[in-house]
Amino acid sequence: MFDMPLSARLERSRRILVAGAGGGSDVYAGLPLALSLREAGKEVHLANLSFSHLDALDLDVWLFEDVAEIHPDTEARDWYFPEGCLSRWLATHGQPSTVYAFPKVGVRPLRAAYARLAEHLGLDAVVLVDGGTDILMRGDEAGLGTPADDMASLAAVHALDVPEKAVVCLGFGVDAYHGVNHVQVLENLAALERDGAYLGAFSVCRSTKAGALYLDAVAHAQAELPAYPSIVNGSIAAAVRGEFGDVRFTDRTKGSELFVNPLMALYFAVDLDALARRSLYLDRLRDTVLMRQVHSVIEAFRDEVTPRPPKAFPH
């Protein structure tokens, strides 16, 4: 019972990449897991699909094409730069502080970028992290949330030749604002369990070292970006602190009602390749080069399907 399937899989791994799938601050949602793995003696690297203008960075920042190596002293050309913020926080806590960043590109260049980084680091595992749960949508749900970045990352890592690949989601419920029906999230998790691909769920607790450090990292990011804090990680952090209901931590949520609750502090883990195989349109993204092509393919697919009707929680 205490040996989670995800833990058992990663026990065999030595060099692990924990990567934010959906851009923005998704990498922060992977921080509790990454810190716990480091505490267990693993070599853990952090990466993120970036929403920042990476093309304005100095040339010496680029490790490979479409792979930027961000350090605490990396000079940003964009006011929104969570990768740099996280790197500085890691350094102040004595952690390895490099954060790798991928630009918002289509699947073909992103796949190549991941492959180069995997070879460079000698990876034997990749854990793709979603802040929220819309990466679990297969395509015919009532709403897909904001799928383009997640699906580009999923397709890119699905093509990687590494022994272990997993997806973890933290922040159940935060995608409701973007139209995700969370009964369908649970329905998809049940289907993954039937396929033998569900790897369990576990909580981020503030009483643990990793949980306490995550709260500190989110507070640090909110202090560095007071005008644009992460709603996803702010909600998760509030849940980890035990807050409940319509919690206010930024004016960005003005006019909407949040439902912060303990489920937001739960990681849900699934096998990455099995999740990719369940997608109804992931194969169509294979040859995309630009992110706008990813958006167009998804929009065209949605025009072809009749979405499953949304369902209400029965209790």
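**Internal cavities and the central sheet**

The largest cavity in this predicted model has a volume of about 120 Å³. Its lining is made up of 13 residues, and among these S25, Y28, A221, P229 and S230 are the ones that lie nearest the centre of the cavity. Two helices, α4 (82-92) and α8 (209-224), each supply at least two residues of this lining, and the largest share, three residues, comes from α8. When the lining of the largest cavity is sorted by class, nine residues are nonpolar and four are polar, while no charged residues are found there.

In total, the count comes to two cavities of 30 Å³ or more. The second largest cavity has a volume of about 40 Å³ and is lined by I135, L136, M137, R138, M151, L154, N188, L275, R278 and S279. The elements that give two or more residues to this second lining are α6 (147-158) and α10 (272-278). By class, the lining of the second largest cavity has six nonpolar residues, together with two polar and two charged residues; the lining of the largest cavity, by contrast, has no charged residues.

The strands were examined next. Nine strands form an open sheet with mixed pairing, and their order across the sheet is β3-β4-β5-β2-β1-β6-β7-β9-β8. The edges of the sheet are formed by β3 (62-64) and β8 (198-203), each of which pairs on one side only. Neighbouring strands of the sheet are turned against each other by 25 degrees on average, with direction ignored. In general, strands of a sheet pair through backbone hydrogen bonds, in either a parallel or an antiparallel manner.

Within this arrangement, strand β1 (residues 15-20) and strand β6 (residues 125-131) run parallel and are joined by five bridges. In this pairing, L17 of β1 stands opposite V126 in β6. In the order of the sheet, β1 is placed between β2 and β6, and β6 is followed by β7.

Helix α3 (residues 31-39) lies across several of these strands, namely β1, β2 (43-49), β6, β7 (164-170), β8 and β9 (266-271). The direction of α3 relative to the sheet is given with respect to β2, to which the helix runs at about 165 degrees. The strands crossed by α3 thus include the edge strand β8, as well as the parallel pair β1 and β6.

Conventions. Residues numbered from 1 in each chain as written. Predicted model: local features only at pLDDT ≥ 70, side-chain atom pairs only at ≥ 80, totals over all residues. Heavy atoms only, no water. Pairing = 2+ DSSP bridges. Helix = DSSP H or I, 4+ residues; strand = E, 2+ residues; numbered from the N terminus. Axes fitted to C-alpha atoms, helices over the stretch in contact; angles between N-to-C directions. Contact = heavy atoms within 4.5 Å. 1 Å grid on protein atoms, 1.4 Å probe; cavity = no way out; pocket = protein on both sides within 12 Å on 5 of 7 lines; lining within 4 Å. Points joined across faces, edges and corners; volume = space filled by probe spheres on them. Nonpolar A, V, L, I, M, F, W, Y, C, P; charged D, E, K, R; others polar.
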